[in-house]
Amino acid sequence: MTRLRARAASRLRGGVVATLLLATAVTGGCTTESRLTAGGAPQRTSTVTVLAAASLTDPLTSLARQYERAHDGVTVALSFGSSTTLAQQVAEGAPADVVAFAGTPALDQLPKDATDQGGRATIARNTMEIATPPDNPGGVRSLADLARPDLDVVLCASTVPCGKAADMVLSRAGITPHVVSREVDVKATLAKVRLGEADAAVVYHSDVVSAGDTVKGVVIPTAQNTTLDYPLVWLNTKPDTTGFAELVRGTEGRAALTRAGFLAP
Amino acid sequence: MTDAAEPMAAEPVAAGRIRAAGGTRLGLLAPAGLAVALVALPLLALLLRADWGHVLDHLADPAVLPAIRLSLLTTTTTVVLAVVLGTPLAWLLARAQGRAAAWFRALLTVPLVLPPVVGGVALLMAWGRRGVVGGPLYEAFGVRVPFTPVAVVLAELFVAMPFYVIAVEGAMRSVDPRFEHVAATLGASPWRSFSRVALPLAVPGMAAGAALAWARALGEFGATITFAGNFAGRTQTAPLAVYVALERDPQAAVSLSLAMLVVSIVVLALLRGRWVR
Amino acid sequence: MSLDTRLCVERSTFTLDTSLAAASGEVVAVLGPNGAGKTTALHALAGLAPLSGGHVRVAGRLWEGEGTHLPPQARSTGLVAAEHLLFPHLSARDNVAFGPRSRGTSRAAARRRADDELDRLGIGDLADRRPSALSHGQAQRVALARALATDPELLLLDEPLSALDPVSRPAVRATLAHRLRAFTGVTVLVTHDPLDALTLADRLVFVEGGRVVQEGTPQEVVARPRDRYVADVVGLNLYAGEATDGEVVQTPAGPVVTAGHEHRGPSWAAFSPAAVALYLSRPEGSPRNTWPVTVAAVELAGQTARVRCTGDLDVTAEVTATSVASLRLQPGLQAWATVKASEVRAYPA
């Protein structure tokens, strides 16, 4: 997993590059980058380490940048991955100040005393949606279409929240799609659709929104859909930890999350 | 010097030499020991942290056997293809001179240094449903390469073939060209001279290269997950299974890792006795 | 003529330009100092090195020249180098059978031929051995058998005995001499060992700096060397000069009195090292050929020693080991060298 400085991450977006970075996030090791400050005046320099679900990549990146702009000398180090992996890393002692998960089950994997020092709040909700390439080569119009054997469908691995949610939606609808791959996280899943290698994927609504016009969304009706809560956990009460958590929970955070396609909690 | 003086003089010299060697040895032993520890420790930790009581249960998981089977199948195919295609290439490179050969050699080393994930993306660009080759293939025949075992082999070949070619080229380069000169004067065509003289002489190098390529293919993760995806029984190789298992049940991942360790050691041991020293 | 060739090859340090001709069954020895272009010449004949000019014609067939270049496998040659270069993964028999097999002979016939060839060289019992289980001398015989098993029109021997130890060398040389007598093709033997050349060759060709400096039968060459290197090889002292009268050859370093000669003009004067006597002081009643010299090197070989001396005239003397001891001959020593006029031969240059 590679930690990306918020600035760098936001600059490098778009199809292949994003795929590269996200895919590297799967394999690499952990590094914490320190930031050189420009000003000569004495400054508070500190780093807030944030581990977040891959689906939160865009809103948290822009919020981190916002926080850094407002607090000279503070670096918000971001790392995105599957919630399951992140929770495990925290449990194994990975340094983290703030974590944000897709779905609440990952909370169980955190150490029991994780929130003793800090606190937790739900920052957003998300629903599932079908993503297809912009030209929708498979002609997907509804969830029922996913049962067609000629469609190549990719899902998240059943071990990560987006995969669990997709499985739940599909099994409730009684649909067994022709799954060609179970990707390690939601961004990797979406990348396969963006590259046109798969005809459809069941991903978060927010991912469809943040992917812009590189994918087409096919809405899953509420009756068939499921909703995930996004918990934010701050693990200590250092000023920048709580400061950043408050930014995410506040109106600016809400606005960024809404823009990214998340629902209000 | 008289005969009697020699042993007398030799003794202090020898002692001094041993002392000096002792100092040198210590200076070498410390970093050497550290090097061993850095490699051995994680392997040892795998053994120590394994949940031995449940290893068999973990390996009985329905996802495990297909993953190991797929890994063995694809890596074997990869090695066979690397030998069949890579040996002639290694030979041409070993006997080629000039700029073109240097460029080909440089091209071949790229996958060695390229992050495997980048290789996976490159493979998608080439063989994907909308890829340079994969696109027309899909349009004309409806053949989709990604998400298939073929894609796994392509990914493994991409990373392993260069290992093989570079190793074998080195072995073939060290085959004395005068053997081929002699073969030619005896009436052997270039092909016969290659197949009957150069090739047999390069066999140990080819075995070493094949072992290297196999090991690299077995460990292949990044290019596979990017290009071939992850689907149990079809494209989920053992390393991918380990990674996915890690999210569900870390102890199962440890058990699977142990199984891979055993398979690797067995294969390398089988090769070692015969060719790889 | 069965071999008729002019070899022109450009090399970084020199240009090889050598003509060779030989009849069937003849052995031509090519001699010359290191770097003279001998191996290059052999490779050019085998087709392993391209010619920049000239031609190779063997048994009336054009192998190279006039726009033709036959690749090595299309020529009928056999090559034996200093190292045996036996294929290490094949038995002696399969090594020898490799040539016939390559030229389309059936496996059984090729093996029969290999066994015959090995038998002729007296090593039939080694047929099943790998090269690593053969001594140097044995391996070199197998290499010879391999080169001959294709009945080549042109046998190329590149210092075939030079890597052998002094014990096996005479034995292999004898085997080679015996086998070559029965060989009907042309043999080109490259060597720097005069003994090889004198015992094996029908004709000697001396090459220096890529050019032929002298050629002839061994008898002719030994009797009348026409080049310092040739003289060195055959072990003669040789000086170029001018025959001004019937008993003196004027060399740049002074007169050399000869046994008497008829010719006038450019001339060689030659005498054997054994005819040279060395003295620590100017000898009494000086012979007419007396030169002050400095000892440069002493090489002991059995009961005799070759003493190389420098001076106005460079002289090599052959003296007994006893005189080396009694005169305490060693490099740097000042001495006098004398030669009786009756020992000096002169012949036109």
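The bend at a residue is the angle between axes fitted to the seven residues ending there and the seven starting there. The model shown in these views is predicted.

**View 1. Helix H9 of chain B bends at B:Val203.** By that definition, H9(B) turns by about 55 degrees at B:Val203. A proline, B:Pro204, follows within four residues. The end-to-end span reflects a departure from a straight rod: 30 residues in a straight helix would cover 44 Å at 1.5 Å a residue, but the end C-alpha atoms of H9(B) are only 37 Å apart.

**View 2. B:Ala208 sits in helix H9 of chain B, residues 190–219.** B:Ala208 counts as buried because 20 other C-beta atoms lie within 10 Å, and the cut-off for buried is 20 or more. Across the chain, B:Ala171 is 37 residues away in sequence from B:Ala208. Their C-alpha atoms are 9.4 Å apart.

**View 3. Transmembrane regions of chain B, as listed by UniProt.** The unreviewed entry gives "transmembrane region" for residues 26–48, 68–94, 106–127, 147–168, 197–215 and 252–271 of chain B. Two of these spans can be compared with the model. Residues 68–94 of chain B are 100% helix and 0% strand, with 36 Å between the end C-alpha atoms. Residues 197–215 of chain B are likewise 100% helix and 0% strand, with end C-alpha atoms 28 Å apart.

**View 4. Four residues of chain A carry the UniProt feature "binding site".** The unreviewed entry names A:Ser55, A:Ser83, A:Val186 and A:Tyr204. They are spread over 150 residues of sequence, yet they cluster in space. The largest C-alpha distance among them is 13.7 Å.

**View 5. A:Ser55 and its contacts.** A:Ser55 lies in the loop between strand E2 (46–53) and helix H3 (57–70) of chain A. A:Ser55 is buried, with 34 other C-beta atoms within 10 Å. Setting aside neighbours within four places in sequence, A:Ser55 is in contact with A:Ala102, A:Asn126, A:Val186, A:Tyr204, A:Ser206 and A:Asp207. Two of these partners, A:Val186 and A:Tyr204, are also on the UniProt "binding site" list, as is A:Ser55 itself.

**View 6. A:Tyr204 in strand E8 of chain A, residues 200–204.** What makes A:Tyr204 count as buried? A:Tyr204 has 31 C-beta neighbours inside 10 Å. Not counting residues up to four places away in sequence, A:Tyr204 touches A:Ser55, A:Asn126, A:Met128, A:Glu129, A:Cys162 and A:Val186. A:Asn126 and A:Val186 appear among the contacts of A:Ser55 too.

**View 7. A:Gly118 meets a stretch of chain A distant in sequence.** A:Gly118 is in the loop between strand E4 (98–100) and strand E5 (119–132) of chain A. Its 19 C-beta neighbours inside 10 Å make A:Gly118 partly exposed. A:Leu235 is 117 residues away along the chain, yet the C-alpha atoms of A:Gly118 and A:Leu235 are separated by 4.7 Å. Beyond residues up to four places away, A:Gly118 touches A:Val233, A:Trp234, A:Leu235, A:Asn236, A:Thr237 and A:Thr241.

**View 8. Chain A against chain B.** In this interface, 25 residues of chain A are in contact with 24 residues of chain B. Helix H2 (15–27), helix H4 (83–91) and strand E7 (179–183) of chain A each supply at least two residues to the side facing chain B. H2(A) gives the largest share, seven residues. By class, this side of chain A has 11 nonpolar, nine polar and five charged residues. Confidence deserves a look here. The mean pLDDT of chain A is 82, and 83% of its residues reach 70 or more. Over residues 1–42 of chain A, however, the pLDDT is below 50. Beyond near neighbours in sequence, that stretch has 72 contacts in the model.

**View 9. Chain C against chain B.** Here 17 residues of chain C are in contact with 14 residues of chain B. Strand E7 (77–80) and helix H2 (92–102) of chain C are the elements giving two or more residues to this side. The side of chain C that touches chain B has nine nonpolar, seven polar and one charged residues.

**View 10. Chain C as a whole.** Chain C has nine helices and 21 strands. Of its 349 residues, 42% count as buried. Among contacts between residues at least 6 apart in sequence, 63% join residues at least 24 apart.

Conventions
Residues numbered from 1 in each chain as written. Chains lettered and ligands numbered in written order. Predicted model: local features only at pLDDT ≥ 70, side-chain atom pairs only at ≥ 80, totals over all residues. Contact = placed C-beta atoms within 7 Å. Nonpolar A, V, L, I, M, F, W, Y, C, P; charged D, E, K, R; others polar. pLDDT = per-residue confidence, 0-100. Buried ≥ 20, exposed ≤ 12 C-beta atoms within 10 Å, placed from the backbone. UniProt positions renumbered as here; feature names shortened; annotations may be inferred. Expected span 1.5 Å × (residues − 1).
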